[in-house]
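Grab a viewer and work through a few short exercises. Try each task yourself before reading its solution.

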Amino acid sequence: MTKLPTGRPILPFTPTVDETGQPTVCHCCGRRAIGIGIAPKGDPAYVCGECILLVEELRKVRRLDLYELAALDGGIDAVGEYIAEKGITDLAFMDELDQRLIVKAAWMGCVDRLRKLLRDGGAPF
Ligand SMILES: [Zn+2]
């Protein structure tokens, strides 16, 4: 996996299982996972309903670096469009690392909240 200068992976969507063995987040995209894992051992690498459609492709991909970076770029585009629309500022004033970190912070904030909601038993959907 691609590492940030901090040494942490860009898209650390693990563990994908809680302490009771229930799926939490998708190994691929970070959305809510269902009970199909793609890893033969260790963390089961559970995936979500949409990523199940790609499961054969995911098994073929040994290194996700390019996918991770492309996903981050998609996030940068989406956040940039959003904040420009709101008139807050422009991501172009930030360097590449800060652009990636703000998107990662937003993404991981969603995933962490999803994990908490699932762990506390009662997701709001
Ligand atoms: Zn997914």
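Below are five exercises, each with a worked solution.

Some ground rules: residues are numbered from 1 along each chain as its sequence is written. The model is predicted, with local features needing pLDDT of at least 70 and side-chain atom pairs counting only at pLDDT 80 or more, while totals for chains, interfaces and linings use all residues.

**Exercise 1: the overall layout**

Task: work out how many helices and strands the chain has, and in what order its elements run.

Solution. Start with the DSSP runs: helices are H or I runs of at least four residues, strands are E runs of at least two, and both are numbered from the N terminus. On that basis the chain has four helices and zero strands. Reading from the N terminus, the order is α-α-α-α. Next, burial: a residue is buried if 20 or more other C-beta atoms lie within 10 Å of its own, exposed if 12 or fewer, and partly exposed in between, with C-beta atoms placed from the backbone. Of the 125 residues in the chain, 18% come out buried. Last, contacts: two residues are in contact if their C-beta atoms, placed from the backbone, lie within 7 Å. Among the chain's contacts with a separation of 6 or more, 36% join residues 24 or more positions apart.

**Exercise 2: confidence**

Task: find where in the chain confidence is lowest and where it is highest.

Solution. The yardstick is pLDDT, the predictor's confidence in each residue, from 0 to 100. For the chain the mean is 75, and 72% of the residues reach 70 or more. Going element by element, helix α2 (residues 55-60) is lowest at a mean of 71, and α1 is highest at 82.

**Exercise 3: two neighbours in a helix**

Task: place G75 and I76, then list what each one touches beyond four places in sequence.

Solution. G75 sits in helix α3 (residues 65-86), and I76 is in helix α3 too. Take G75: it counts as partly exposed because it has 17 C-beta neighbours inside 10 Å. Beyond four places in sequence, G75 touches V103 and W107. Its C-alpha is 9.4 Å from that of I102, 27 residues apart along the chain. Now I76: with 18 other C-beta atoms within 10 Å, I76 is also partly exposed. Its contacts past four places are L91, Q99, R100 and V103. The C-alpha atoms of I76 and K104, 28 residues apart along the chain, are separated by 9.1 Å.

**Exercise 4: ahead of the first helix**

Task: is A45 buried or exposed, and what is its phi angle?

Solution. Locate A45 in the segment before α1. Count around it: 22 other C-beta atoms lie within 10 Å, so A45 is buried. Then check the backbone: phi of A45 is near 55 degrees, a positive value in a residue other than glycine. For a partner, look at A39, in the segment before α1 (49-52). Leaving aside neighbours within four places, A39 is in contact with P44 and A45. A39 has 13 C-beta neighbours inside 10 Å, so it counts as partly exposed.

**Exercise 5: a contact across the sequence**

Task: which residues does D43 contact, leaving aside neighbours within four places in sequence?

Solution. D43 lies in the segment before α1. Its contacts are T14, P15, T16 and V17. Pick T16: it is 27 residues from D43 along the chain, yet their C-alpha atoms are separated by 6.7 Å. Finish with the count: D43 is partly exposed because 13 other C-beta atoms lie within 10 Å.
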